[in-house]
Amino acid sequence: MIKKINDYEWEIPKQDRPDMRQPVRLFATEPMINAARQDKSLDQAANVATLPGLAGPVMVMPDMHQGYGFPIGGVAATRVSDGVVSPGGIGYDINCGVRLLASSIEMEAVRGQLSDLATALDRFCPSGVGSKGSVHLSERDLEEICRKGVAWATKRGWAGADDIRRTEEEGCINGGSLDTVSKRAGERGREQLGTLGAGNHFVEVDWVEEIFDDAAAQAMGLNLGCLTLQIHTGSRGFGHQVCTDYVQSLQRAVQKYGIQLPDRELVCAPIDSDEGRAYLSAMAAAANYAFVNRQLIANEAREAFEAVFAGKMKNWHLHQVYDIAHNVGKLETHIINGEKVRVCVHRKGATRAFGPGSPELPDEYRRIGQPVLVPGSMGTGSWVLAGNEASLARSWGSSCHGAGRVMSRAKAKTSLHGEELRRELQAQGIFVRAGSMPGLAEEAPGAYKDVDEVVETVVAAGIVRKVARLRPLCVVKG
Amino acid sequence: MDTCIILKGMKEKKPRGFIELPNTADWALQVWAPDLPGLLAEAAAGMYALMQAQVGEGPRQTRTLSLSGVDAEDLLVSWLAELLYLAETEALAFDAFSIRVTGSALEAELSGAPLAHLTRMIKAVTYHGLAIRPGEDGLSTSIVFDV
């Protein structure tokens, strides 16, 4: 039984099921709730509410859809003292996330070069199934990446101070160690750094179509009418293997600790246990790998911009706006009933959205709040938002992460044709380079919700505010 | 509901096989076979079909696997995860299996060849809703893959 709280918030009371320990709060409109009833999103959210040591309600964002274990868009905070960490609640693509770069290149001035730009990005940014990066990592490199994150790239000249400062956690989650990662994960990670992968991952050039908050846009360096670039990818085979290893090994831990679960994908271990600590260390290692991965792709994109624009304009630089994770578990301190409580916030298809004043933000964003990056589907648009103070009290400092799927991949690929879609998008002035046409069809705009409705919901709920709207120009997919 | 999907479009249900199930964001399979070794082999074939993985005409290769799990479902996930690992790291796919299951452990001999074609990759095999169910004709289960 779902209760309506207001036009943008709903609740599944904990009395709804005997095994729920906390209620579920959903940020959604009535049509979104009705759509969610068509798949398993609501059941999955209720399943998450059975986890031991939850510090409060399970939150679900308006881009929710059925996942595995957690619904996509699910946020759960568990107490470090007596709660659990669930690898499946963070996902196989650990620290899948988005990086946004911006420029002062005016879209109208380069409209005739966009096809070349798409081709150059496709050439410089390795993508697709089995893609390998140009950097082959030694054991020591990998160990440093796991421990130091993006700082590893600075001594090679591959990351600047702004890149690091404008990355969540400054590109390094503490505690990451190669010691807690399997040999297999290391083998997979060594070959794939600086690669995009396939599926819904992309590099996308957009232009700033509209600005809603001048001060925030100025702080972020977003210029009306100018080009930006988004990178959406994660920890590649390294993270997939880390999660696979721990979801398997923790099948025994739930027996050891006597934890009853409604779904085995929610397998977990107490945070304060050998198993929990080992997973958090391995997860941090994979998250740090993902931060470095997006850093190297950002450099590859910068090289592509230079190849196309050098000599044709004075400034083709892409500066970092922000880099955020949307599949991650973070140890954070939240105020609960007036007291500071240390919790592990699981964000599965949700982003951190800290408000103004948060000490975790770089100086230039401390007045405006954290940039929240919400990519849409490749034919529509994307949003840059800023976190509000209310997010900490109402959504575990979290917001939505994208548009959210509505159509199954199986249906998308039978009802839409990749080549036809590519031509349609090009007719709209959007240049697509894709390694797989069936893969492109699965990611068609029609397979996703309207990202504008998703954004209007979190804005109306008061957890974020609008900064800028972006429109796509070039899309590279694996 | 899954059974309806299996029967839809099929004049007669074969004793073993697989079919893709609708899933919003990921891929899912329904798999059935007379026994657990058969179920493991069909799950492998179904996973390769989802990935559009084709065994090439290169030199045949064999591998031997020994796996164990806490139960049959755990074994199924370990089995498929192993095949994914071999596809990604050695670009190998297999089309002939000799599988022996004892309790919740297996020994398997695989025969295959380098991949001729692979356009879609699976990130992982999940435990979501995973339950191997006995029926009149053997065993069946549904498997969700993260993509």
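Two strands are taken to pair if DSSP finds at least two bridges between them, and the strands themselves, like the helices, are DSSP runs numbered from the N terminus, with at least two residues (E) for a strand and at least four (H or I) for a helix. The structure shown above is a predicted model, in which local features need pLDDT of at least 70 and side-chain atom pairs count only at pLDDT 80 or more, while totals for chains, interfaces and linings use all residues. Residues are numbered from 1 along each chain as its sequence is written, chains are lettered from A and ligands numbered from 1 in the order in which they are written, and side-chain values use heavy atoms, with hydrogens and water left out.

A convenient place to begin is strand S19 of chain A, which spans residues 464-477. S19(A) is mostly covered, with 12 of its 14 residues buried, where buried means under 20% relative accessible area, exposed over 50% and partly exposed in between, for a 1.4 Å probe and protein chains only. Strand S8 (residues 202-211) of chain A pairs with S19(A) in the antiparallel sense over nine bridges, and within this pairing Phe202(A) has Lys477(A) as its bridge partner. Strand S16 (residues 382-387) of chain A is also antiparallel to S19(A), the two being joined over six bridges, and here Ala386(A) stands opposite Arg465(A). Strand S18 (residues 431-434) of chain A, by contrast, pairs with S19(A) in the parallel sense over four bridges, and Arg433(A) is matched with Val476(A) of S19(A).

Another set of pairings in chain A involves strand S3 (residues 24-27), which is antiparallel to strand S2 (residues 9-12) over four bridges. Leu26(A) of S3(A) stands opposite Trp10(A), and Leu26(A) also stands opposite Val60(A) in S4(A). Strand S4 (residues 58-68) of chain A runs parallel to S3(A), and three bridges join them.

In chain B, the axes of helix H2 (residues 36-51) and helix H3 (residues 72-90) come within 10 Å and cross at roughly 40°, the axes being lines fitted to C-alpha atoms over the stretch in contact and the angles running from 0 to 180 degrees between N-to-C directions. H2(B) is therefore oblique to H3(B), since angles under 35 degrees count as roughly parallel, over 145 as roughly antiparallel, 65 to 115 as roughly perpendicular and the rest as oblique. The contact (heavy atoms within 4.5 Å) includes Leu40(B), Met47(B) and Tyr48(B) from H2(B), and Leu76(B), Trp79(B) and Leu83(B) from H3(B).
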